[in-house]
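Here are a few exercises to work through with the model open beside you. Try each task on your own, then follow the solution step by step.

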Amino acid sequence: MNMFDQLQLQDLYRLVSVNGITFSYKGPITQDILEVVGDSLRDKLSSQAIENKLIRRVFSVFIEDAQNVLKHSYERSETLSEIKPGVGIVGVGRNEDNEFYVFSGNFILRKNEAGLKKQIDYVNSLDPQQLQEYYNQRRKSGTLTEEGSAGLGFIDMARKSGNPLQYRLTPCDDEKTFFEVVITISDRRQEEK
Amino acid sequence: MNIQSLHVPLKKSTPAVDFDVDNALLKIEGESYPENAYLFFQDVLKWLEEFFAQCDRKITFEIKIPYMNTSSTKVFTDIFDMVEDFAGKGGEVLVRWFYEEDDEDSYYNGVELLQELEFPKEMVPYLDE
């Protein structure tokens, strides 16, 4: 079978459409790509007359999530430079309630699965006030790792989202697990009305 | 003082740094979401450490960062710890935090970073465009 026979663009088109995906990128995530993609995301949202505050919240969750993939994806891009950016899929969509969601998918080491699960489950168990306290406590006591991770990413995404982080871990083989996460951003102002 | 002013130009994901020794006016302006905030801010942190050790005048910080990622938030936690130390040793300092009027997140981000610190600070609203 040649490549054209295998390329099922109609399926891809349908998947993107039924899931309300506004845009998506799959590949090595470098800081340069993130800046460009982040900008076009903001331009796109601005053109839809969405309020500034919500645009920034979606942007902020998107950057945090994409930088997670960039730093922690098991799959690294083979580049000529010393920096091997993480590979994954990231994007933004709107669900059936017209809420924005940010998503990412990438491989992680299977042995890190339990730690990741524990971390997200803990964040999901906290109410907004506890989340705020936990964030502040980690912000003050934690240290940045060599890659510049503050360990605040999931906590920050959860509090900006106002919803639990939805995730799935699918073991692929002895070594790798596929990690998917969806962060839905509720427009709190609309809820209050 | 044998310390030079520090100027770092604005880039897409890193703020402009404008530290003016003569007026003890230290400005940081622009979005901050580098992949590794310590790599970007290490010169700034080093500079501040030296400056605080030498400065005997009132220092004014003007910070206008509409968005920062968590990595940068950690660095600003450290910067304000240094400011608190300076103030604790009798140094005079004012931190002015600029927030966008129609974005409460940029206000609360400032409140969060500054709330438990004792040095004088001001929350200053502005309107974008």
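**Exercise 1. Contacts and fold of chain B**

What percentage of the contacts in chain B with a separation of 6 or more is accounted for by residues 24 or more positions apart?

Solution. Keep in mind that this is a predicted model.
- Step 1: take the contacts in chain B with a separation of 6 or more; residues 24 or more positions apart account for 68% of them.
- Step 2: list the elements. Chain B has three helices and six strands, and along the sequence they follow the pattern β-β-β-α-β-α-β-α-β.
- Step 3: check the overall dimensions. A compact globule of 129 residues would have a radius of gyration near 14 Å, and chain B agrees because its value is 14 Å. Along the principal axes, the C-alpha atoms fill a box of roughly 40 × 30 × 25 Å.
- Step 4: add burial. Of the 129 residues in chain B, 36% are buried.

**Exercise 2. The same reading for chain A**

Describe chain A by its elements, dimensions, burial and contacts.

Solution.
- Step 1: count eight helices and five strands in chain A. From the N terminus on, they run α-α-β-α-α-β-β-α-α-α-β-β-α.
- Step 2: for 193 residues, a compact globule would have a radius of gyration near 16 Å; the 17 Å of chain A agrees with this. Its C-alpha trace spans about 55 × 40 × 30 Å along the principal axes.
- Step 3: 30% of the 193 residues of chain A count as buried.
- Step 4: among contacts in chain A between residues at least 6 apart in sequence, 61% join residues at least 24 apart.

**Exercise 3. Where the chains meet**

Which element gives the most to the side of chain A that touches chain B?

Solution.
- Step 1: 23 residues of chain A are in contact with 21 residues of chain B.
- Step 2: the elements of chain A that give two or more residues to this side are helices H3 (31–46), H4 (52–72), H6 (128–141) and H7 (153–161).
- Step 3: H4(A) gives the most, with nine residues.
- Step 4: by class, the side of chain A that touches chain B has five nonpolar, nine polar and nine charged residues.

**Exercise 4. A helix pair**

How do H6(A) and H7(A) lie to each other, roughly parallel or roughly antiparallel?

Solution.
- Step 1: the two helices pack at an angle of about 150°, with their axes 10 Å apart.
- Step 2: angles over 145 degrees count as roughly antiparallel, so H6(A) and H7(A) are roughly antiparallel to each other.
- Step 3: H6(A) passes H7(A) in a left-handed crossing.
- Step 4: find the residues that meet, including Leu131(A), Tyr135(A) and Arg138(A) in H6(A), and Ile155(A) and Arg159(A) in H7(A). The residues of this contact divide into six nonpolar, one polar and three charged.

**Exercise 5. Two aromatic residues**

Why does Tyr167(A) count as partly exposed?

Solution.
- Step 1: locate Tyr167(A) in strand S4 (residues 166–171) of chain A.
- Step 2: Tyr167(A) has 17 C-beta neighbours inside 10 Å and therefore counts as partly exposed.
- Step 3: leaving out residues up to four places away in sequence, Tyr167(A) touches Ile120(A), Phe179(A), Glu180(A) and Val181(A).
- Step 4: now turn to Phe23(A), in strand S1 (residues 21–28) of chain A. Phe23(A) is partly exposed, with 13 other C-beta atoms within 10 Å.
- Step 5: with residues up to four places away in sequence left out again, Phe23(A) touches Leu41(A), Gly91(A) and Val92(A).

Definitions and conventions. Residues numbered from 1 in each chain as written. Chains lettered and ligands numbered in written order. Predicted model: local features only at pLDDT ≥ 70, side-chain atom pairs only at ≥ 80, totals over all residues. Contact = placed C-beta atoms within 7 Å. Helix = DSSP H or I, 4+ residues; strand = E, 2+ residues; numbered from the N terminus. Nonpolar A, V, L, I, M, F, W, Y, C, P; charged D, E, K, R; others polar. Axes fitted to C-alpha atoms, helices over the stretch in contact; angles between N-to-C directions. Parallel < 35°, antiparallel > 145°, perpendicular 65-115°, else oblique. Left-handed = near helix turned anticlockwise from the far one by under 90°. Rg over C-alpha atoms; globule rule 2.2 N^0.38 Å. Buried ≥ 20, exposed ≤ 12 C-beta atoms within 10 Å, placed from the backbone.
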